[in-house]
Structures are given as C-alpha cells and as structure tokens.
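Please keep the model open in your viewer, with a cartoon representation and a selection box at hand. The stops below say what to select next and what is to be found there.

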Amino acid sequence: MNLSEVELSVSINFSLTILEKLHMKRAVICFVILLISSVLWGQPAKQYAMVIHGGAGVMERENMTSEVQDEYIAVMNRVLQVGDSVLAHGGTCMDAVEKSIMIMEDSPLFNAGKGAVFTHDGIVELDASVMEGKSLKAGAIASVRDIKNPVSVARAVMEKSEHVMLNGLGASQFAKDQGFEPVDNSYFYTEKRFKSLQEFLKKEREATTNDKHGTVGCVALDRYGNIAAGTSTGGMTNKKYGRIGDSPIIGAGTYANNKTGGFSCTGHGEYYIRLGFSRDISALMEYKKLSVTEACREEIGKLTEMGGTGGVIGLDKEGNIAMEFNTSGMFRGYIKSNGEKEVAIFK
Ligand code: ASP
C-alpha cells in the first residue's frame with residue numbers, strides 16, 4: 001500500500017466512523033422520542049378515580065330504616081366496584097361513567113331509568129347527558145319516554161350524531177335508528193314513585209316544592225388523564241308542560257373539561273340552569289384557581305343564596321374529589337386507584 005492508498009483507507013475509515021456515530025446518534029434520539037411518547041400517550045398514568053351520586057335531598061337518618069340504607073349502600077358499592085374494575089383495566093372514563101350510571105338507572109331506588117319519578121300526567125319522562133373533558137364533546141337527550149338507559153343514548157348522540165341534544169320523539173327515533181330497543185312506559189312504573197305523585201296531587205303542591213332529588217351521576221378520571229361526567233334523571237315529581245331540568249343541559253347539570261375537572265349535579269334544576277352551575281364551577285377553577293372542593297362549595301353557596309337546594313360531585317385532574325350539598329343528605333361515594341373509598345348518605 002503506498003502513502004495515498006493508506007491516506008484513502010484512513011479517510012474512508014474515518015468517514016465510516018462518523019457515519020456510524022451519526023446513525024448511532026439518530027438511533028438514540030429516535031429511541032428517546034419513542035420512550036417519551038409511549039410514556040406520555042401510550043402508557044396509562046398511575047392514578048384513576050371515580051365519584052358518584054344518587055341524588056340529594058331531605059334525608060334524615062331517623063326517617064330511613066337501616067334496611068333501606070343498606071339497599072342504597074349495596075347498590076352504590078356495586079357501582080363503585082364496577083367502575084373501579086373498568087378503570088383499573090385501562091378502560092376509558094366514558095366507559096366507567098356509562099356503566100356506573102346504567103347500574104343506577106336499572107335500580108328502582110334512584111330517580112333515573114327504572115326508578116324515575118312521574119310527571120303530573122302520570123308518565124315518566126327521562127333526561128340524561130354526558131361530556132368528555134378531553135375533546136369537550138357532549139351528548140344529551142331530554143323528555144324521552146321509552147328509553148331504558150338514557151345515558152347510553154346520550155353517549156350515542158355525542159359519538160354518532162352531529163348534534164349535542166335531542167328531545168322527545170326525535171330522540172327516541174334516533175335511539176331506534178342506533179339499535180336501542182324501546183321499552184313501554186309501564187316499564188318505569190314503581191309503586192313508591194306513583195304514590196309520591198298521588199301525594200303531590202292530593203296536596204296540590206307544585207313540583208317546585210319537591211324536597212328530595214334522586215338523580216344519578218358519575219364523574220371519572222381514567223389512567224390516561226382524561227375526565228368524563230354524566231347525569232341521568234326522571235326530573236322532578238309532578239313536572240308539567242314538558243318541563244326539562246338541568247340534568248341534560250351541558251354546563252348546568254353536567255360538565256367536564258380536562259383543564260379543570262368534571263361535575264355532575266342533583267337538585268332543583270331551575271336554579272342549576274340559571275346559575276350555569278357546573279360550567280361556573282369549572283370557571284372558578286380555571287380563572288380563580290380554586291381547588292375542586294373550594295369551587296364546588298362556592299357554587300353551592302350561590303345556590304343557597306338563591307334559595308335552591310341540591311348537591312354536586314366533582315373531581316379534578318389529580319383525582320381530588322368533591323361531594324358538596326346543602327341538603328341533609330346526598331347518596332354519594334368515591335373510589336380511587338390508591339384504594340381510598342367512601343360511601344355515605346347523610347351529612
Ligand atoms: N336536577 C333534576 C332536575 O331538576 C332533579 C334531581 O336532581 O333530582 O330535573
């Protein structure tokens with residue numbers, strides 16, 4: 001090998017080493033990017049949480065037998081168990097919200113689905129809504145008479161229609177088109193709710209004096225850091241003229257935003273609508289930097305000042321829970337991935 005050949009070979013080896021180093025560098029950069037993105041998007045975050053309510057109202061311990069208390073507690077425990085299992089297995093917050101609310105809709109204990117209250121005309125008209133905090137997508141139905149699980153149809157409105165809220169016959173038609181089996185209105189008959197309507201009619205009291213709210217709701221934070229909220233109700237006993245409360249109204253009875261939290265309300269709907277209740281809680285957190293508990297408490301304060309009654313559940317992106325109400329009780333509970341859990345009825 002003469003000198004120029006040696007020089008050539010050294011320069012080729014040198015270039016190869018540079019190329020190899022460049023490739024190595026690129027490979028390392030790609031690996032780091034992949035690792036970061038899998039941590040950020042692919043891998044579930046560690047913590048999840050879920051909070052539920054089954055309505056707020058005048059509930060004195062002495063007026064509720066221990067058997068009835070146990071019945072409510074058993075259903076709420078089951079709901080938390082099912083929601084926990086959905087979230088623990090990497091299910092989404094919307095799956096947890098829908099499944100949890102469906103259980104309460106199927107129970108005759110709560111004023112939603114099977115246990116819904118009667119209107120003035122002795123029929124059942126149901127409202128429900130859901131919202132996703134990541135996309136701010138939402139779906140709702142109001143005044144439906146033949147839907148067994150309104151929360152699922154509300155979810156279908158969000159996912160399969162270009163609308164946010166459908167009403168009455170149109171909502172029922174949409175549900176049928178989506179493959180939901182209609183049920184006869186008599187499916188919703190329960191003696192307890194029928195008697196309660198008769199009492200209202202006898203006393204000629206207006207629905208606005210109703211002091212027990214049995215709406216159901218759920219808010220969940222999943223392992224991906226997303227929040228969803230949902231609410232389902234029969235409204236208020238003795239309601240007239242196609243009255244619609246806050247439960248199917250996004251920003252009143254239900255709201256979710258990953259930036260702040262998710263909220264579901266129960267109470268005298270007219271006040272919640274006028275306050276823009278759940279959207280206002282989110283605004284208090286976003287603009288005033290209040291914690292989820294402080295914001296819910298402040299909003300309940302506004303409700304009290306206006307003369308309204310009810311409660312709200314909420315959670316934030318860290319999984320902090322709020323369960324606030326100005327009545328003597330609210331069926332409520334929460335569960336967290338760290339094993340923390342609570343189920344309660346009275347103040
Ligand atoms: N908020 C519901 C409504 O006004 C009633 C309730 O929570 O019980 O329709």
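**Strands 3 and 4**

Begin by selecting strand 3, residues 138–144, together with strand 4: the two run parallel and are joined by three bridges. This is a predicted model, and everything on the tour should be read with that in mind. Within the pair, pick out Ala-142, which stands opposite Asn-167 in strand 4.

Now widen the selection to the sheet around this pair, an open sheet of eight strands with mixed pairing, whose order is 4-3-2-6-5-1-11-12. At its edges stand strand 4 (165–167) and strand 12 (341–346), each of which pairs on one side only. From one strand to the next the twist averages 5 degrees.

Two helices may be added to the view here. Helix 2 packs on the sheet, where it touches strand 1 (49–57), strand 5 (216–221), strand 11 (329–336) and strand 12, and its direction makes about 155 degrees with that of strand 1. Helix 5 (residues 168–177) lies across strand 3 and strand 4, and runs at about 110 degrees to strand 4.

**Helix 2 against helix 3**

Keep helix 2, residues 66–88, and add helix 3: the two pack at an angle of about 160 degrees, with their axes 9 Å apart. Helix 2 and helix 3 are therefore roughly antiparallel to each other, the threshold for that term being an angle over 145 degrees. The crossing in which helix 2 passes helix 3 is right-handed.

To see the contact itself, show Val-75, Arg-78, Val-79, Val-82, Gly-83, Val-86 and Leu-87 on the helix 2 side, which meet Asp-95, Ala-96, Lys-99, Ser-100, Ile-103 and Met-104 of helix 3. Sorted by class, the contact of helix 2 with helix 3 has eight nonpolar, two polar and three charged residues.

Then centre the view on Ile-103, which lies in helix 3. Is Ile-103 buried or exposed? Ile-103 has 22 C-beta neighbours inside 10 Å and therefore counts as buried, since 20 or more are required for that class. If its neighbours within four places in sequence are left aside, Ile-103 is in contact with Val-75, Arg-78, Val-79 and Val-82. A distance label can also be drawn from Ile-103 to Asn-149, which is 46 residues apart from it along the chain, while the C-alpha atoms of the two are separated by 9.2 Å.

**Helix 3 against helix 4**

Hide helix 2 and bring in helix 4 (residues 150–160), which packs with helix 3 (residues 93–106) at an angle of about 150 degrees, their axes being 8 Å apart. That angle makes helix 3 roughly antiparallel to helix 4. On the helix 3 side, select Met-94, Glu-98, Ile-101, Met-102 and Glu-105, and on the helix 4 side Pro-150, Val-151, Ser-152 and Arg-155, since these residues make the contact. By class, this contact of helix 3 with helix 4 has five nonpolar, one polar and three charged residues.

How many of the 11 residues of helix 4 are buried? Nine of them are, so helix 4 is largely enclosed by the rest of the structure. Among these buried residues are Val-153, Ala-154, Ala-156, Val-157 and Met-158. The buried residues of helix 4 pack against helix 3, strand 2 (126–132), strand 3, strand 4, helix 5 and strand 6 (227–233).

**The four-stranded sheet**

Move next to an open sheet of four strands with antiparallel pairing, in the order 7-8-9-10. Strand 7 and strand 10 (321–325) stand at its edges with a single partner strand each, so one side of each is left without a neighbour in the sheet. Here the twist averages 10 degrees from one strand to the next.

Select strand 7 (residues 254–257), from which Thr-254 and Ala-256 point one way and Tyr-255 and Asn-257 the other way, all of them buried. A hairpin leads from strand 7 to strand 8 through three residues, and four bridges join strand 7 to strand 8 (residues 261–267), the two running antiparallel. Ala-256 has Gly-262 of strand 8 as its bridge partner.

Continue to strand 9 (residues 310–316), which runs antiparallel to strand 8 and is joined to it by seven bridges, with Gly-310 of strand 9 as the bridge partner of Gly-267. To finish, show helix 8 (residues 277–287), which lies across strand 7, strand 8 and strand 9 at about 145 degrees to strand 8, and helix 9 (residues 292–306), which packs on the sheet against strand 8, strand 9 and strand 10, its direction making about 160 degrees with that of strand 9.

Note on methods: Residues numbered from 1 in each chain as written. Predicted model: local features only at pLDDT ≥ 70, side-chain atom pairs only at ≥ 80, totals over all residues. Axes fitted to C-alpha atoms, helices over the stretch in contact; angles between N-to-C directions. Parallel < 35°, antiparallel > 145°, perpendicular 65-115°, else oblique. Contact = placed C-beta atoms within 7 Å. Nonpolar A, V, L, I, M, F, W, Y, C, P; charged D, E, K, R; others polar. Left-handed = near helix turned anticlockwise from the far one by under 90°. Buried ≥ 20, exposed ≤ 12 C-beta atoms within 10 Å, placed from the backbone. Pairing = 2+ DSSP bridges.
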